[in-house]
Amino acid sequence: FGQNIYPTITKTFGLEWDPGIDNKSQITILIHPMSETFGGYFRSNDEYFKIQVADSNEREMLYFNTKYITASLAKSFLAHELMHLITFNQKERIYNVTEETWLNEARAEYTSTLLGYDETLDGSNLERRIRDFFGNPSDSIIEWQNKRADYGVVNLFTQYLVDHYGIKILADALHSPKTGIESINYAL
């Protein structure tokens, strides 16, 4: 995490809130059992004081599934959730806007490729997203229903965007007060 994931992602996209809600420069990673369908998650609730959001943990925090701690996709899952934490800071805190879910997930999905974890297709996050895409290739990119097909189509669309316009398109869209398609148009 400290040698590749964090420095590569923050160099490309910027930082999480640092020092954050807890006035510390650390990210807490809670490893706990959860449904097998999740590799992990990020909760924006934790970025607020308890007086604002009662169930806040008042810290920059990522959640990771114990089932995947030794899995080949563990680094991809952790990178994905870190990107959500960064997006919260770059959009909600700095610009006071909430990124559209499909674009938030697009950036998070691309981190696996950015970090080189998809270079060998066999067993990679990209391989599973290709399978998800072929399961429903006509799934809408922007109508997010949090289904496997949504992740497949958004991942492959993002691969296309970066292949044609470079990683800067995702970073520039993140660093604008616009969201969704408007932020992609701005970046273009």
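Where does E58 lie? Let's start there, and then tour the other close-ups of this predicted model.

**View 1. E58 and its backbone in the loop between β2 and β3.** E58 lies in the loop between β2 and β3. Its phi is near 50°, a positive value in a residue other than glycine. Most residues other than glycine have a negative phi, and most peptide bonds are trans. With a relative accessibility of 26%, E58 counts as partly exposed.

**View 2. A salt bridge between D55 and R43.** Here the two side chains come together with an N to O distance of 2.9 Å. D55 and R43 are each placed in the loop between β2 and β3, so their pairing ties together parts that are 12 residues apart in sequence. D55 is partly exposed, at a relative accessible area of 41%.

**View 3. Backbone details in the loop between α1 and β1.** Look for P19 in this loop: the peptide bond from D18 to P19 is cis, and its omega is near -10°. N23 also has its place in the loop between α1 and β1. Although N23 is not a glycine, it has a positive phi of about 60°. N23 is exposed, with 61% relative accessible area.

**View 4. The stacked rings of Y41 and Y63.** A pair of aromatic rings is described by the distance of the centres and the angle of the planes. For Y41 and Y63 the centres are 4.4 Å apart and the planes stand at 5°, so the pair is stacked. This pair links distant parts of the chain, with Y41 in strand β2 (residues 40–42) and Y63 in strand β3, 22 residues apart. The partners differ in cover: Y41 counts as partly exposed at 27% relative accessibility, whereas Y63 is buried at 5%. The model has eight aromatic pairs in total.

**View 5. A ring cluster of F42, Y48 and F88.** Another group of aromatic side chains is worth a close-up. Ring pairs join F42, Y48 and F88 into a cluster.

**View 6. The largest nonpolar core, seen around L82.** This core has 36 residues, and I9, F13 and L82 are those with the most contacts inside it. Two or more residues come from each of α1 (5–13), β3 (61–65), α2 (74–95), α3 (101–114), α5 (148–165), α6 (168–174) and α7 (180–187). Helix α2 gives the largest share, nine residues. Leaving aside residues up to four places away in sequence, L82 touches F1, I5, Y6, I9, I27 and L62. In soluble globular proteins, nonpolar side chains tend to be buried together.

**View 7. A nonpolar patch on the surface.** Not every nonpolar side chain in this model is tucked away: F1, I29, I31 and I69 form a surface patch with about 320 Å² of accessible area together. One member, I29, lies in strand β1 (residues 28–32). I29 is partly exposed, with a relative accessible area of 33%.

**View 8. The surroundings of S183 in helix α7.** S183 counts as buried, at 0% relative accessibility. Not counting residues up to four places away in sequence, its contacts are K91, E99, L103, A173, S176 and K178. The C-alpha atoms of S183 and L103 are separated by 9.4 Å, while the two residues are 80 residues apart along the chain. Two of the residues that S183 touches, K91 and E99, form a salt bridge with each other, their closest N and O atoms being 3.9 Å apart. Both ends of this bridge are covered: E99 is buried at 5% relative accessible area, and K91 is buried at 0%.

**View 9. A salt bridge within helix α6, between K168 and D172.** The side chains of K168 and D172 meet at 2.9 Å, N to O. Both residues lie in helix α6, four residues apart, which is about one turn of the helix. K168 counts as exposed at 52% relative accessibility, while D172 counts as partly exposed at 24%.

**View 10. A salt-bridge network.** To finish, find E109, R129, D132 and R148, which salt bridges link into a network. Across the model, the count of salt bridges comes to nine.

Note on methods. Residues numbered from 1 in each chain as written. Predicted model: local features only at pLDDT ≥ 70, side-chain atom pairs only at ≥ 80, totals over all residues. Heavy atoms only, no water. Patch = residues over 30% accessible without salt bridge, like charges linked within 9 Å, V, L, I, M, F, W, Y side chains within 5 Å. Areas by Shrake-Rupley, 256 points an atom, 1.4 Å probe, with all protein chains shown as cover. Salt bridge = Lys/Arg side-chain N within 4 Å of Asp/Glu carboxyl O. Buried < 20%, exposed > 50% of the residue type's maximum accessible area, 1.4 Å probe, protein only. Core = buried A, V, L, I, M, F, W, Y, C linked by side-chain atoms within 4.5 Å. Contact = heavy atoms within 4.5 Å. Phe/Tyr/Trp six-rings, centres within 6.5 Å; stacked < 30°, edge-to-face > 60°.
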